[in-house]
Amino acid sequence: MNTNKEWDFNLMTFIDNNGVKLENPKFIQYGVDENGQAKVMFTTRALKSNEKEAVNVYEARADGDVWKTELRSTTNHQSVHPYWIGEDSVMWLNLVGYKEYTFSGASKDPDVIKKSLKITKVDLKEAVSATVLSLFQGLIFAMSSVYWITPAVLFALVIYIVKIKLMEDEDKRILYTILALFLGVQFIFIQKLFNTHYYMYAPDYLAFSGSSFVIPIALALASGAAVWYGRKQDWSKLTAISYFAVLNTFFLSLVVGPYMF
């Protein structure tokens with residue numbers, strides 16, 4: 001080895017698919033793919049999804065000055081000691097208890113993927129757990145709707161106390177003001193919830209550019225259409241607005257609520 005040769009050392013920066021920098025890589029493995037390009041596999045603690053954090057296995061390839069990573073582990077346990085098995089498959093150990101490990105693997109081989117698609121009890125358990133957690137997060141969002149419901153309700157109460165006849169006659173100016181307060185405050189408040197966390201974990205069809213404007217407007221129109229076509233003859237206009245507010249909050253909680261917290 002030529003001792004007079006200058007060595008260049010560059011800091012390896014690992015970036016996941018969401019643009020988040022992955023810190024403190026451990027159990028690093030180096031290799032070369034079938035095209036002769038360098039690749040790296042390692043584990044680190046990071047968010048696996050919007051509901052939980054785990055020690056995951058990542059595979060990385062150089063892309064300019066950074067290393068772009070792909071999540072390779074598929075389990076929720078602490079994944080350690082990853083190894084390649086051929087070009088398409090990896091294996092690692094899962095820490096499932098105190099000094100208790102199990103083997104897990106992942107593969108890009110079509111035959112292996114086909115066999116792995118069989119639903120197991122573990123899959124059903126995790127699906128139920130994720131569903132319950134999503135519903136709970138949607139419930140938290142529904143509870144936060146008090147922030148944009150309160151101004152409209154307070155306005156209605158003031159009018160009811162000061163000029164009850166306007167409420168009894170369902171004056172259009174009053175009703176439109178109540179509706180405008182509900183939608184206006186909601187639109188302003190909800191912009192804060194379309195944050196980095198939302199855009200990181202929401203699916204692409206809900207995380208497009210301008211979604212913080214398009215989704216609230218679209219769901220407001222959908223709620224209005226549902227109330228319009230589902231209303232009964234004996235409903236007052238104030239009753240229709242109340243149903244609209246409930247239905248609109250339900251739609252928002254169901255569509256975007258699980259990704260905002």
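Is His 81 buried, exposed or partly exposed? I started my notebook with that one, keeping in mind that this is a predicted model.

**His 81**
I looked up its relative accessibility and found 33%, so His 81 counts as partly exposed. I then placed His 81 in strand β7, which covers residues 78–85. Its phi caught my eye: the angle is near 50 degrees, a positive value in a residue other than glycine.

**Glu 170**
I noted a positive phi here as well, about 50 degrees, although Glu 170 is not a glycine. I found Glu 170 in the loop between α4 (164–168) and α5.

**Helices α5 and α8**
Next I followed helix α5 (residues 172–190) and helix α8 (residues 237–255), whose axes come within 10 Å and cross at roughly 10 degrees. Angles under 35 degrees count as roughly parallel, and α5 and α8 are therefore roughly parallel to each other. I also checked who makes the contact: on the α5 side I listed Leu 175, Leu 179 and Phe 182 among others, and on the α8 side the residues include Ile 241, Phe 244 and Leu 252. Polar names turn up too, including Gln 186 of α5 and Asn 248 of α8.

**A nonpolar patch**
Which residues make the nonpolar surface patch of about 510 Å²? I wrote down Val 158, Tyr 160, Ile 161, Val 162 and Ile 164. Helix α3 (residues 146–162) gives the patch its largest share, 4 residues. I picked Tyr 160 for a closer look, and Tyr 160 lies in helix α3. Its relative accessible area is 46%, so Tyr 160 is partly exposed.

Notes
Residues numbered from 1 in each chain as written. Predicted model: local features only at pLDDT ≥ 70, side-chain atom pairs only at ≥ 80, totals over all residues. Heavy atoms only, no water. Patch = residues over 30% accessible without salt bridge, like charges linked within 9 Å, V, L, I, M, F, W, Y side chains within 5 Å. Areas by Shrake-Rupley, 256 points an atom, 1.4 Å probe, with all protein chains shown as cover. Salt bridge = Lys/Arg side-chain N within 4 Å of Asp/Glu carboxyl O. Helix = DSSP H or I, 4+ residues; strand = E, 2+ residues; numbered from the N terminus. Buried < 20%, exposed > 50% of the residue type's maximum accessible area, 1.4 Å probe, protein only. Axes fitted to C-alpha atoms, helices over the stretch in contact; angles between N-to-C directions. Parallel < 35°, antiparallel > 145°, perpendicular 65-115°, else oblique. Contact = heavy atoms within 4.5 Å.
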